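Trainee: Could we go through this one together? I'd like to know what stands behind each label we use.

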Amino acid sequence: MEDERRLYRLDGVAHVAGTIDEEPTRCVYSVRRQQNMPLHDRIIPYLERAGLYHLARLNAHWFWLDEPLVSAFIERWQLETHTFHMPFGECTITLQDVAYLLGLLVNGQAVSGCMTDFHLHIEGARPAWEWFEDLFSELPPLDKRKLYTVHFTWFHERFRVLPADASKETVRIYARAYIMMLLSTQLFMDKSANRVHLHWLSFVARLDDMGSYSWGAAALAWLYRCMCRVTNRNVTNLAEPLQLLQSWIFWRFPTLRPQGFDAFSFPLASRWARYLPTSDGKEQWIIQYRLALDRLTHQDVDRVFPQLGGVQHLPEPALNIEYLHSKDGRGGDRWFPTYYRTWHHHWDERVRSMLSVQRVPDPGPSAEYLDWWHRVAHRILSPGIAFANPRPT
């Protein structure tokens with residue numbers, strides 16, 4: 001069937017799953033930068049109103065990424081469906097996961113805009129750097145600016161310590177700086193890892209309105225996008241909400257969960273904040289993780305419908321959105337709320353698109369789904385010899 005073939009078309013992308021035989025130990029490398037700014041008590045009320053306080057608390061810890069583990073999952077990420085394809089079916093990170101793991105708002109206005117010339121679409125249409133000076137009472141030195149970005153170190157050095165006698169307006173300035181750094185390092189980091197983009201000005205200019213946005217949905221969309229990019233065999237650097245991805249793996253895949261992290265706290269990602277993966281033998285670890293995923297059964301993980309308490313049914317045909325994968329937000333004449341009006345309308349009407357889940361005592365895949373999945377999916381990525389009986393050897 002045409003619809004079944006679409007499930008793995010990949011639109012010509014050099015997907016890493018197709019090159020495992022040639023590069024069996026290929027591993028992605030995380031790009032991270034810690035904000036490392038103290039969470040001053042006087043800033044906390046602004047973070048609470050913005051819905052970012054729990055994320056700020058997570059910022060107190062450095063999340064080390066288990067790169068071989070994440071690499072094994074990236075191999076199974078599918079661009080057409082935005083799901084991980086496992087031997088038993090599909091699974092993915094949902095808005096529910098984002099809400100519990102990071103403590104972010106998942107209901108609200110869409111976080112949108114564009115990367116360049118965004119000020120032209122904001123009321124007043126002032127030049128971006130003029131707007132920056134108005135919000136922060138000064139401009140970075142010329143050598144700390146580049147196009148529409150400010151160097152990370154300038155923000156860190158200038159706004160790290162809030163003066164003890166700071167006025168209310170000074171506290172608001174420091175809160176804006178903290179939030180811009182938080183968004184740029186924790187949720188929406190790019191591979192440069194050393195720039196803070198000015199497009200966040202339109203949000204921090206109205207601190208009291210930030211809580212009306214769905215930061216959780218935006219973070220999930222950014223995670224999806226980053227994983228879509230790094231599935232390309234020619235891309236090896238991974239920049240995304242890494243604590244969301246890794247904590248989701250540990251939460252939803254008990255057999256892959258590290259031992260000794262049993263204390264629960266909110267947000268749930270904090271449970272593994274002090275996890276330190278081994279840095280030795282990454283080439284062998286990715287082979288072991290790949291084999292572990294190949295051997296999973298539907299009883300070893302919660303999936304999309306089962307994790308919500310329902311039975312996984314046959315999905316709709318995959319939607320080809322390859323043209324959206326090529327968009328990166330650049331282009332001053334493309335204001336996303338207008339250019340992608342149809343998609344924004346879908347989000348605004350999300351209540352009409354809610355799935356109806358019939359809860360059952362023993363959620364899992366239906367027999368019809370399993371039959372379909374065994375016919376259409378590439379379920380096993382390890383070489384056949386990995387499943388051979390080892391006793392004769």
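Trainee: Which strands does helix α7 lie across, and at what angle does the helix run to β6?

Mentor: Keep in mind that this is a predicted model. Helix α7, residues 152-159, lies across β6 and β7, and its direction makes about 65° with β6.

Trainee: What makes β6 and β7 a pair?

Mentor: Pairing takes at least two bridges between two strands. Strand β6 (residues 149-151) is joined to β7 by three bridges, so the requirement is met. The two strands run antiparallel, and H151 has R195 of β7 opposite.

Trainee: What is the strand order in that sheet?

Mentor: The order is β5-β6-β7, an open sheet of three strands with antiparallel pairing.

Trainee: Why are β5 and β7 called edge strands?

Mentor: Each of them, β5 at 145-146 and β7 at 195-197, has a single partner strand, so one side of each lacks a neighbour in the sheet.

Trainee: What about the sheet with β2, β3 and β4: which way does the pairing go?

Mentor: Antiparallel, in an open sheet with the order β2-β3-β4. The edges are β2 (77-78) and β4 (89-91); each has a single partner strand, so one side of each has no neighbour in the sheet.

Trainee: How do you know that β2 and β3 pair?

Mentor: Two bridges join β2 to β3 (residues 83-86), and at least two are needed, so they count as paired. They run antiparallel, with Q78 opposite T83 in β3. Helix α17 (residues 367-376) packs on this sheet, where it touches β3 and β4, and its direction makes about 100° with that of β4.

Trainee: What is unusual to look at in the loop between β2 and β3?

Mentor: H82 sits in that loop. Its phi is positive, about 55°, although H82 is not a glycine.

Trainee: Now the helices. Why is α4 called roughly perpendicular to α11?

Mentor: The axes of α4 (residues 67-74) and α11 (residues 242-252) cross at roughly 85° and come within 11 Å. Angles of 65 to 115 degrees count as roughly perpendicular, so α4 is roughly perpendicular to α11. On the α4 side the contact is made by L69, V70 and F73, and on the α11 side by L245, Q246, W248, I249 and F250. By class, that contact has seven nonpolar residues, one polar and no charged.

Trainee: How do you know that α5 gets the label roughly perpendicular with α11?

Mentor: The axes of α5 (residues 95-102) and α11 cross at roughly 100° and come within 10 Å. That value falls in the 65 to 115 range, and therefore α5 and α11 are roughly perpendicular to each other. Q96, D97, V98, L101 and L102 of α5 meet Q243, L244, S247, W248, W251 and R252 of α11. Those residues divide into six nonpolar, three polar and two charged.

Trainee: Following the chain on from α11, what makes the peptide bond from F266 to P267 cis?

Mentor: Its omega is near 0°. P267 lies in the loop between α11 and α12 (282-294).

Trainee: On to empty space. What makes a void a cavity here, and how many cavities of 30 Å³ or more are there?

Mentor: A 1.4 Å probe fits in a cavity but cannot get out. The structure holds two of 30 Å³ or more. The largest cavity has a volume of about 50 Å³.

Trainee: Which residues line the largest cavity?

Mentor: V16, T19, I20, E23, R26, V28, S71, I74 and E75. By class, this lining has four nonpolar, two polar and three charged residues.

Trainee: And how much space lies in the second largest pocket?

Mentor: About 240 Å³. A pocket, unlike a cavity, is an open set of points. Of the 12 residues lining the second largest pocket, Q109, A110, S112, Y213 and P337 are the closest to its centre. The elements giving two or more residues to that lining are α9 (201-204) and α16 (341-348). Its classes are six nonpolar, four polar and two charged.

Note on methods. Residues numbered from 1 in each chain as written. Predicted model: local features only at pLDDT ≥ 70, side-chain atom pairs only at ≥ 80, totals over all residues. Heavy atoms only, no water. Axes fitted to C-alpha atoms, helices over the stretch in contact; angles between N-to-C directions. Helix = DSSP H or I, 4+ residues; strand = E, 2+ residues; numbered from the N terminus. Parallel < 35°, antiparallel > 145°, perpendicular 65-115°, else oblique. Contact = heavy atoms within 4.5 Å. Nonpolar A, V, L, I, M, F, W, Y, C, P; charged D, E, K, R; others polar. 1 Å grid on protein atoms, 1.4 Å probe; cavity = no way out; pocket = protein on both sides within 12 Å on 5 of 7 lines; lining within 4 Å. Points joined across faces, edges and corners; volume = space filled by probe spheres on them.
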